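The following exercises are to be worked with the sequence and the model at hand. Each task is followed by a solution in steps.

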Amino acid sequence: MNRYRVRAQNPRALGFFTQSDHYQDFELQSSETLEDFAGRLAMKGFPAPDGSRWIMPGAIVWIEQQ
């Protein structure tokens with residue numbers, strides 16, 4: 001199982017003081033390679049781990065393998 005950190009824009013953050021307020025990191029796991037995992041997220045997005053919202057593909061800033 002591979003662990004990934006996905007950074008996405010955070011529309012709930014005000015971001016007036018620091019640029020980092022505009023982003024939220026998500027820790028996700030998948031058996032997919034980085035390329036396949038990123039491709040799937042780029043096509044469909046993903047649910048926030050708490051189930052409160054769907055992260056759209058256009059909100060994803062980057063994906064890195066941990």
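**Exercise 1: A residue of strand β2**

Gln 29 lies in strand β2. In this predicted model, determine whether Gln 29 is buried or exposed, and identify which residues Gln 29 touches beyond four places in sequence.

*Solution.*
1. The relative accessibility of Gln 29 is 54%. The class "exposed" requires a value over 50%, so Gln 29 counts as exposed.
2. Setting aside residues up to four places away in sequence, Gln 29 touches Met 1, Asn 2 and Arg 3.
3. For Met 1, the C-alpha to C-alpha distance to Gln 29 is 6.5 Å, although the two are 28 residues apart in sequence.

**Exercise 2: The largest nonpolar core**

Establish how many residues form the largest nonpolar core and which have the most contacts inside it.

*Solution.*
1. The largest nonpolar core comprises 13 residues, and Val 6, Leu 41 and Phe 46 have the most contacts inside it.
2. At least two residues of this core come from each of β1 (2–9), β2 (23–30), α1 (34–44) and β5 (60–65). The most is given by β1, with 3 residues.
3. Apart from neighbours within four places in sequence, Leu 41 contacts Val 6, Leu 28, Phe 46, Pro 57, Ile 60 and Ile 63.

**Exercise 3: The chain as a whole**

State the pattern that the protein chain follows along the sequence, and what percentage of its residues is buried.

*Solution.*
1. The protein chain has 1 helix and 5 strands, in the pattern β-β-α-β-β-β.
2. Of its 66 residues, 27% are buried.
3. The exposed area of the protein chain is about 4700 Å², of which carbon and sulfur atoms supply 52%.

Notes
Residues are numbered from 1 along each chain as its sequence is written. This is a predicted model: local features need pLDDT of at least 70, side-chain atom pairs count only at pLDDT 80 or more; totals for chains, interfaces and linings use all residues. Side-chain values use heavy atoms; hydrogens and water are left out. A nonpolar core is a set of buried Ala, Val, Leu, Ile, Met, Phe, Trp, Tyr and Cys residues joined through side-chain atoms within 4.5 Å. Buried means under 20% relative accessible area, exposed over 50%, partly exposed in between (1.4 Å probe, protein chains only). Helices (H or I, at least four residues) and strands (E, at least two) are DSSP runs, numbered from the N terminus. Contact means heavy atoms within 4.5 Å. Accessible areas come from the Shrake-Rupley method with a 1.4 Å probe; for residues, only the protein chains shown count as cover.
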